[in-house]
Amino acid sequence: MAGKKREIQLQAVINTQSLWEEMLQNKGVTVIDVYQAWCGPCKAMQTLFRKLRNELNEEEILHFVVAEADSILALQPFRDNCEPVFLFSVNGKIISKIEGANAPLVNHTIINLVNEERKIVAGEMDRPQYHEITLGDPNADARKGSKESIDQIFSIAIIKPEAMNTGKTIEIKENIANAGFVIEAEDNRVLTENQVRDFYRQKSEQPDFEEFVSLMTTSLSCVLVVSRKKKQEFFWEEEIITEPETEPQEPPEDQPEMDTPPVVKKKWDSTLEEYLDKENIHQFCDVEEDEENVHKFIDIFFPDFKNIKLEKILALLRPDLFQAKKEDVLSIILNEGFLILMQRQVVLSEEEARKLCKEYENEDYFENVIRYMTSGPSLALVLVRENGLQHWKELIGPSTVQEAKQSLLKSLCVQFAMGSLPINQLYGSDSLEAAERDIQYFFPPQKTLALIKPHVTPEQREAILHRIKEAGFEIIRIKEILLLKEDADKIYYKITHKNFYNSVLEILATGPSLVMVLSKWNAVLDWRRMMGPTDPNEAKLLSPDSIRAQFGISTLRNAVHGSTNATEAVQAIQNIFEEIVPENPENPEEH
Ligand SMILES: Nc1ncnc2c1ncn2[C@@H]1O[C@H](COP(=O)(O)OP(=O)(O)OP(=O)(O)O)[C@@H](O)[C@H]1O
């Protein structure tokens, strides 16, 4: 059945020319994740796609596919390209391309195209004359030959106090990100006199420079490290993307909606400075682009920049917010560059609520907060982002609505104030240590037994181990064993009576297997998901990026094994590692 189009859970697999042509007949928007046979589709984006598919609920006009670059003529330019590429087709015309796993931009593009499509279907607007982009890349050879050309170019931008004080900062950052730049690091700080004189040395001859220095050193600025891909300079293709927006915008009052043209702009292909100039943002934001100076200022403002680490935090949506606006909040979280690593509903016990709401314990409404927090499910999330802790704190704002209204009108605290209590409907851990504790508490690790079978080559083993770590598993025990009957029975104790078990034993006897204990929240199910269906042929169709799809040869030589449930995992780990494992809930969602 290989090569036959078949709807898998999320994306249809397009791996022949004829399926590609068939796909171009799709009505509405098709999001095409271009992948290489050897590395599979972009896993990182699947959460976003799944979320959008559920959220937008537009099966008729929104389609997701994965298309293999090697088998499709039009995708030739992307062969041997390790970077993910996403194409967007509307009624069979490829109208936009995004290189790299830029989740916020992909998110915006899809939402816009679907909103547009909805309006077209409802007869509220005419279909725009889309410009079809050319996929051919005449400079492909130049790109291959030059590693230099795919590097990033960094700039330093300073959003000035004036913008900070008038609440324009978020808007400016959004504009920058939406134009395809990446905000790599940011810091709100009061600049010192030396820093201002140094950064603005070219203005030092201007008559009002001293006044300017004094203004700049008395209030907060926001310093950004912004990057863009160097290759944009050389072969950026003309792309049309719709103006990013999360909500469909109301037409201006003086303009009937029918006449509103789609907002179309050319993706910015030049420097940040030029972009800010063009958008008239330069009065609020200054940029340094000279390479040497940028490096100098990165060292001054962000001494740890080269060591920036992703931070994992626990976030919580309290019951009213979870019930009423979950999707809105999740969309903001993704737009802010967070990755949602895990999520689960949780009804807090009184004791848990008292711990989690300690910040309100001196308020006269504290008992009401406890009653509220234990009255229904909250949503607990593990979020990951560079500078995640600080960013989440700034995003949600202070602990009470009153405080937030005084200082941070744009915070989620104000935006999502609801119910009778004056508390912030969002919670975040106080420090990275507290986050670690909270995550362990709400997402307790579970163990599973995993096995890499003897036919797997050393290179494939490495690749599998890499994927295990990348998926957040901790390998807590590992040993290589030639699994003869006695040891194999300890692992496969549930199927020793099956008629195919002798064949399983034969395969295991062909060489050493790698036996591991993996630990993580929801480990049993997540490892089974990663393995894919038992039969590798089925896996190739249903779950093409699963381990069995990629490394399995047949049902018996299917690369890996994993415990079926938590009870079996506990037993098998105990049998083979002689380690007593306390049993964890099989399905934490239910607890
Ligand atoms: N019908 C079958 N014919 C031949 N081999 C089989 C058959 N069913 C299962 N097997 C082999 O026995 C192993 C264990 O079977 P089981 O039913 O427990 O499969 P599973 O739960 O999908 O996968 P695993 O237990 O390996 O994680 C499978 O991984 C496969 O190699």
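# Close-up views of a predicted model

**Figure 1. Asn57 occupies the loop between α2 (46–56) and β3 (62–68).** The view is taken from a predicted model, as are those that follow. The phi angle of Asn57 is near 50°, a positive value in a residue other than glycine. Most residues other than glycine have a negative phi. With a relative accessibility of 59%, Asn57 counts as exposed, because the threshold for that class is over 50%. A second asparagine, Asn280, also has a positive phi, near 60°. Asn280 is placed in the loop that runs between α10 (272–278) and β11 (285–288).

**Figure 2. The chain as a whole comprises 25 helices and 19 strands.** This overview gives the setting for the remaining close-ups. The chain has 591 residues, and buried residues make up 51% of them. Among contacts with a separation of 6 or more, 76% join residues that are 24 or more positions apart. The accessible surface of the chain amounts to about 28,800 Å², and carbon and sulfur atoms contribute 48% of that area.

**Figure 3. The largest nonpolar core contains 49 residues.** Phe49, Val106, Ile110, Ile333, Leu381, Leu383 and Trp392 have the most contacts inside this core. The core lies between domain 1 (12–122) and domain 3 (310–442), because both domains give residues to it. Trp392, one of the residues with the most contacts in the core, touches Ile313, Ala315, Ile333, Phe338, Leu383, Leu426, Tyr427 and Gly428, residues up to four places away in sequence not being counted. Another core, of 24 residues, lies apart from the largest one; Leu314, Val369, Ile439 and Phe443 are among its members.

**Figure 4. Ala353 is a buried residue of helix α13 (residues 350–356).** Its relative accessibility is 0%, so Ala353 falls in the buried class, which is defined as under 20%. Once neighbours within four places in sequence are left aside, the residues in contact with Ala353 are Leu348, Ile370, Met373 and Thr374. Arg371 is 18 residues from Ala353 along the chain, and the C-alpha atoms of the two residues are separated by 8.7 Å.

**Figure 5. Helix α22 (residues 523–531) carries a set of buried residues.** Within α22, the buried positions are Ala523, Val524, Asp526, Trp527, Met530 and Met531. An α-helix has 3.6 residues a turn, so residues three or four places apart point the same way. The cover over the buried residues of α22 includes three strands, β16 (446–452), β18 (513–520) and β19 (560–562), together with the helices α19 (458–470), α24 (547–551) and α25 (566–577). Gly532 comes just after α22 and takes a positive phi of about 90°.

**Figure 6. Positions annotated as "binding site" in an unreviewed UniProt entry are Lys453, Phe500, Arg528, Thr534, Arg548 and Asn558.** Two of the annotated residues are considered in detail here. Phe500 lies in the loop that links α20 (485–491) to α21 (501–508). The relative accessible area of Phe500 is 39%, and the residue is therefore partly exposed. Arg528 belongs to helix α22 and counts as partly exposed, with a relative accessibility of 29%. Beyond its neighbours within four places in sequence, Arg528 is in contact with Gly562, Ser563 and Thr564.

**Figure 7. His561 bears the "active site" annotation of an unreviewed UniProt entry.** The residue is located in strand β19. His561 has a relative accessible area of 9%, so it is classed as buried. Residues up to four places away in sequence set aside, His561 touches Leu449, Ala450, Leu451, Lys453, Ile491, Tyr492, Trp527, Met531 and Arg548. Of these partners, Lys453 and Arg548 are among the residues with the "binding site" annotation in UniProt. Trp527 and Met531 are among the buried residues of α22.

**Figure 8. Cys222 is shown with Cys285, which holds the closest cysteine sulfur.** The two sulfur atoms are 8.4 Å apart, which is too far for a bond, because a disulfide requires sulfur atoms within 2.5 Å. The structure as a whole holds zero disulfides. Cys222 is buried, at 0% relative accessibility. Cys357, another cysteine of the chain, is also buried, with a relative accessible area of 0%.

Conventions:
Residues numbered from 1 in each chain as written. Predicted model: local features only at pLDDT ≥ 70, side-chain atom pairs only at ≥ 80, totals over all residues. Heavy atoms only, no water. UniProt positions renumbered as here; feature names shortened; annotations may be inferred. Helix = DSSP H or I, 4+ residues; strand = E, 2+ residues; numbered from the N terminus. Buried < 20%, exposed > 50% of the residue type's maximum accessible area, 1.4 Å probe, protein only. Contact = heavy atoms within 4.5 Å. Core = buried A, V, L, I, M, F, W, Y, C linked by side-chain atoms within 4.5 Å. Domains from an automatic or database assignment. Areas by Shrake-Rupley, 256 points an atom, 1.4 Å probe, with all protein chains shown as cover.
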